[in-house]
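Work through the exercises below with the structure open beside the text. Try each task before reading its solution.

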Amino acid sequence: MSAEREPVGVIGTGYVGLVTAVGFAELGSDVVCVDIDAEKIARLNRGEIPIYEPGLAELVEKNRERLTFTTDISVALDRARLLFVAVGTPPTYSGDADLSAVHAVVGAMPASDRHALVMKSTVPVGTGEAIKRVFAEQGKSGFRYVSCPEFLKEGTAVSDFLAPDRVVVGDDGDWAGDAVVELYRPLLVPDEGGNGPGQLVRTDIASAEMVKLASNAFLATKISFINEIANVCEETGADVVEVARGMGLDERIGPKFLNAGIGFGGSCFPKDVTALKQLAGNSGYHFQLLNSVIEVNELQKRRVIGKLEKHLGTLIGKRIALLGLAFKPNTDDMREASSLVLSARLQAAGAEVTAFDPIASEIAAPMLRGVTLADDAITAARGADAVVLVTEWQEFRDLDLAELRSVMAGDVLIDGRNALDGDAAASAGLRYEGIGRRA
Ligand code: UGA
């Protein structure tokens with residue numbers, strides 16, 4: 001099989017790049033991974049995986065023979081026609097995406113009729129056309145361009161890659177788009193010649209770019225919507241978990257992304273919602289709905305403060321333990337994590353904050369000035385007036401609530417993810433409060 005598979009280059013070895021590289025290697029391609037970070041490449045060559053992602057290390061190990069890690073982009077250009085770009089596009093102060101890493105890659109490409117850039121990084125709509133213009137100006141108009149956005153989720157990235165809902169390929173209808181489709185063929189539905197679940201969406205470049213931004217913005221909207229419903233549930237005596245179940249059974253709504261909580265975080269939703277809002281604004285359209293999605297999310301991160309004050313009165317001198325720091329379970333990613341805003345607000349209100357996260361503590365430490373990090377949940381909760389569940393790691397779902405209560409000074413348990421059993425908490429002598437739950 002491997003002899004027939006197209007070799008690929010992947011530029012950028014972050015979450016998306018590494019998972020894409022390993023995924024294509026698993027499908028049988030030889031993959032050259034390129035990164036400007038020499039230290040990261042050295043670590044990868046020693047077999048160390050720079051990120052925590054379930055299943056990734058095992059798959060790298062399994063496909064070691066097919067993977068090359070280098071800082072030298074010419075190795076990828078020599079061995080592969082398709083160069084997947086998976087460099088960061090972080091937000092700037094204006095809310096627009098910072099495309100400097102993308103432009104650096106574009107600038108490093110030689111004039112060639114046999115290569116194509118395949119954009120995996122999330123970029124504003126119009127980026128592909130702009131890059132094609134740059135290629136034309138630089139006398140590189142033979143260089144092909146394909147938009148192939150990535151939809152993987154951190155924590156399940158490897159299985160998301162290998163079992164995609166859809167594969168979106170936006171191109172000019174040339175060999176490069178065909179070659180990308182061929183690479184993904186095994187993951188596509190039988191009607192498309194594969195044996196996977198992926199529906200193929202072959203379209204133009206701008207539409208492919210928009211599918212990515214619109215999908216993330218829609219999912220973020222769904223979360224802010226259910227969070228507002230939760231807030232109204234609290235005022236009206238309804239229970240958002242029951243409401244979400246009732247809503248989600250409507251096939252048009254669906255049950256996913258209806259978990260109310262203390263807001264969405266991560267490297268994608270906050271950035272992409274803002275980027276889409278900016279993109280619309282820059283082209284003269286005021287995207288009202290997205291303003292609200294962002295604002296609701298910011299307020300949601302702070303709602304726990306009001307709940308704590310309701311139970312404890314002033315927070316000055318109170319000891320609050322945070323369980324979970326990462327923006328979601330099964331990742332060590334702290335980008336835009338609700339814990340960052342929450343811990344800072346708690347300290348500003350005069351509280352003393354302790355915290356524990358099963359994986360993210362080390363990465364979180366420099367970001368959490370003044371927060372005492374504990375080695376386990378029970379140690380974090382020892383002497384606390386209140387415990388707040390911030391990230392719904394499985395080990396917190398499995399916590400012995402009677403033990404938790406026995407080490408605490410107070411009895412307040414705020415479940416910021418509606419992940420715990422309220423009745424069990426009450427039986428353990430805890431004053432339990434979720435988000436949008438019936439009291
Ligand atoms: C998200 C998308 O789900 C992926 O499809 C996309 O590829 C990715 O962004 C990206 O653009 O790279 P990810 O950021 O890994 O993936 O995380 P999600 O699992 O989507 O969760 C995002 C945030 O929403 C988390 O903070 C989570 O706690 C929160 N969330 C999620 C809720 O508050 N409620 C829900 O019902 C679902």
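The exercises that follow concern a predicted model.

**Exercise 1. Two helices in contact**

Task: Find how helix α9 and helix α11 are oriented to each other, and which residues bring them together.

Solution:
- Step 1. Locate the helices: α9 covers residues 205-236 and α11 covers residues 269-282.
- Step 2. Take the geometry of the pair. The helices pack at an angle of about 115°, and their axes are 9 Å apart.
- Step 3. Classify the angle. Angles of 65 to 115 degrees count as roughly perpendicular, and α9 and α11 are therefore roughly perpendicular to each other.
- Step 4. Give the hand of the crossing: α9 passes α11 in a left-handed crossing.
- Step 5. List the residues that meet. From α9 these are L213, N216, A217, L219 and A220, and from α11 they are F269, D272, V273, A275 and L276. Sorted by class, this contact has 8 nonpolar, 1 polar and 1 charged residues.

**Exercise 2. The faces of α6**

Task: Decide where the buried residues of helix α6 lie around its axis, and name what covers them.

Solution:
- Step 1. Helix α6 spans residues 127-137, and its buried residues are T127, G128, I131 and F135.
- Step 2. Look down the axis of α6. The buried residues fall within an arc of 100°, so they line one face of the helix.
- Step 3. Turn to the other side of α6, where R133, A136 and E137 are exposed.
- Step 4. Identify the cover. Over the buried residues of α6 lie, among others, α5 (100-108), β5 (116-119), β6 (144-147) and α9.
- Step 5. Follow the chain just past α6: G139 there has a positive phi of about 70°.

**Exercise 3. Helix α13 and its residue S338**

Task: Describe the buried side of helix α13, then determine whether S338 is buried or exposed.

Solution:
- Step 1. In α13 (residues 338-348), the buried residues are S338, S339, L342, S343 and L346.
- Step 2. Viewed down the axis of α13, these buried residues fall within an arc of 120°, so they line one face of the helix.
- Step 3. Their cover includes α12 (288-312), β9 (319-323) and β10 (352-356).
- Step 4. Now take S338, which sits in helix α13. A residue counts as buried if 20 or more other C-beta atoms lie within 10 Å of its own. S338 has 27 other C-beta atoms within 10 Å, so S338 is buried.
- Step 5. Leaving out residues up to four places away in sequence, S338 touches I262, G263, G265, K301 and V390.
- Step 6. Just after α13, G350 takes a positive phi of about 95°.

**Exercise 4. Positive phi outside glycine**

Task: State where F257 and N330 lie, and how far each is exposed.

Solution:
- Step 1. Start from the general rule: most residues other than glycine have a negative phi.
- Step 2. F257 is not a glycine, yet its phi is positive, about 60°. N330 also has a positive phi, near 65°, and is a residue other than glycine.
- Step 3. Place them. F257 is in the loop between α10 (240-248) and α11, and N330 is in the loop between β9 and α13.
- Step 4. Check the surroundings. F257 has 17 other C-beta atoms within 10 Å and is partly exposed. N330 has 19 other C-beta atoms within 10 Å and is partly exposed.

Methods:
Residues are numbered from 1 along each chain as its sequence is written. This is a predicted model: local features need pLDDT of at least 70, side-chain atom pairs count only at pLDDT 80 or more; totals for chains, interfaces and linings use all residues. Axes are lines fitted to C-alpha atoms, for helices over the stretch in contact, and angles run from 0 to 180 degrees between N-to-C directions. Helices (H or I, at least four residues) and strands (E, at least two) are DSSP runs, numbered from the N terminus. Angles under 35 degrees count as roughly parallel, over 145 as roughly antiparallel, 65 to 115 as roughly perpendicular and the rest as oblique. A crossing is left-handed if the near helix is turned anticlockwise from the far one by less than a right angle, and right-handed if clockwise. Two residues are in contact if their C-beta atoms, placed from the backbone, lie within 7 Å. Ala, Val, Leu, Ile, Met, Phe, Trp, Tyr, Cys and Pro count as nonpolar, Asp, Glu, Lys and Arg as charged, and the others, Gly among them, as polar. A residue is buried if 20 or more other C-beta atoms lie within 10 Å of its own, exposed if 12 or fewer, and partly exposed in between; C-beta atoms are placed from the backbone. The arc is that of the directions from the helix axis to the C-beta atoms.
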